[in-house]
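The following report describes selected features of one protein chain for readers at the bench. It proceeds from charged pairs to strands, a helix and the surface.

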Amino acid sequence: MSAKTFSINARVYYEDTDAGGIVYYANYLKFCERARTDWLRGMGLSQSSMLEDKKGFVIKNIKGNYISSARLDDMLRITCIPTKARFASLKIFQQVYNQHDELLFEFECSIAFVDMAKHKPATMPKEAIEYIKQFVPEDVSHLEVKI
């Protein structure tokens, strides 16, 4: 894994699973959302603070690939790697692994920074863009969802 990879850990609880103890597919989206939110928070981009200023991130598009099932009580590692940073948008590649380092899910999303009051794209704070750009790997060709 790249040194530029941000990750969080998450335990699979009963409410994350179906009756058979398998993680319901939509919960991978929730795990990825939590990792992105923590990653942004680490840059000083608090969703709640941005919303107070009527600014925030919205999902523009997503692409996911379910590979294998996580199970009840698994410990997951969810990664977050920016692959493109523009003034009003980010593209992020994420993966979910289990405690055995088996890849379970891959996810790509583009998020737009918007002025909620105007319902239009807005420029992210300059400091945030500069910070994010240092984490974009030189070669991102391998950081895409494979279907």
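## Salt bridges, strand pairing and surface features

Asp 38 and Arg 41 both belong to helix α1, where three residues separate them in numbering, about one turn of the helix. The model discussed here is a predicted one. The side chains of Asp 38 and Arg 41 meet in a salt bridge, with N and O 2.7 Å apart. Asp 38 is partly exposed, its relative accessible area being 30%, and Arg 41 is likewise partly exposed, at 49%.

A second pair in helix α1 is formed by Glu 33 and Arg 36, again three residues apart, about one turn of the helix. Their side chains meet in a salt bridge with an N to O distance of 2.4 Å. The spacing in both pairs can be read against a general rule. An α-helix has 3.6 residues a turn, so residues three or four places apart point the same way. Side chains of opposite charge can pair when their charged atoms come close. Glu 33 is partly exposed, with a relative accessible area of 32%, whereas Arg 36 counts as buried because its relative accessibility is 4%, under the 20% limit.

A further salt bridge joins Lys 91 to Glu 108, whose closest N and O atoms are 3.5 Å apart. This pair links distant parts of the chain, for Lys 91 lies in strand β4 and Glu 108 in strand β5, 17 residues apart. Lys 91 is partly exposed, with a relative accessible area of 30%, while Glu 108 is buried at 9%. The count of salt bridges in the model comes to four. Three of these pairs, described above, are set out in the table.

| Salt bridge | N to O distance | Relative accessible area |
|---|---|---|
| Glu 33 and Arg 36 | 2.4 Å | Glu 33: 32%; Arg 36: 4% |
| Asp 38 and Arg 41 | 2.7 Å | Asp 38: 30%; Arg 41: 49% |
| Lys 91 and Glu 108 | 3.5 Å | Lys 91: 30%; Glu 108: 9% |

The description now turns to the strands, beginning with β3. Strand β3 (75–85) is mostly covered, as nine of its 11 residues are buried. Strand β1, residues 6–11, runs antiparallel to β3 and is joined to it by six bridges. Within this pairing, Phe 6 has Cys 80 of β3 as its bridge partner. Strand β3 is also joined to β4 by six bridges, and these two strands run antiparallel. Here Ile 78 has Val 96, a residue of β4, as its bridge partner. Strands β3 and β4 form a hairpin, with three residues between them. β3 is thus paired with β1 and with β4.

Helix α3 connects this account of the strands with that of helix α1. In α3, which spans residues 126–133, Ala 128, Ile 129 and Ile 132 are buried. Viewed down the axis of α3, the buried residues fall within an arc of 100°, so they line one face of the helix. The face turned away from this buried side carries the exposed residues Lys 126 and Glu 127. What do the buried residues of α3 pack against? They pack against α1 (26–42), β3 (75–85) and β4 (89–97). Helix α1 also holds the salt-bridged pairs Glu 33 and Arg 36 and Asp 38 and Arg 41.

Two loop residues deserve mention for their backbone angles. Asp 73, in the loop between β2 and β3, has a phi near 75°, a positive value in a residue other than glycine. Asp 73 counts as exposed because its relative accessibility is 51%, over the 50% limit. His 119 lies in the loop between β5 (103–115) and β6 (120–121). The phi of His 119 is near 55°, again a positive value in a residue other than glycine. With a relative accessibility of 70%, His 119 also counts as exposed.

The last feature is a nonpolar patch on the surface. Leu 29, Ile 59 and Ile 62 make up this patch, which covers about 250 Å². Ile 59 is located in strand β2, residues 55–66. Ile 59 is partly exposed, with a relative accessible area of 43%. Because residues must have over 30% relative accessible area to count towards a patch, Ile 59 at 43% meets that requirement.

Key
Residues numbered from 1 in each chain as written. Predicted model: local features only at pLDDT ≥ 70, side-chain atom pairs only at ≥ 80, totals over all residues. Heavy atoms only, no water. Patch = residues over 30% accessible without salt bridge, like charges linked within 9 Å, V, L, I, M, F, W, Y side chains within 5 Å. Areas by Shrake-Rupley, 256 points an atom, 1.4 Å probe, with all protein chains shown as cover. Helix = DSSP H or I, 4+ residues; strand = E, 2+ residues; numbered from the N terminus. Buried < 20%, exposed > 50% of the residue type's maximum accessible area, 1.4 Å probe, protein only. Arc of directions from axis to C-beta. Contact = heavy atoms within 4.5 Å. Pairing = 2+ DSSP bridges.
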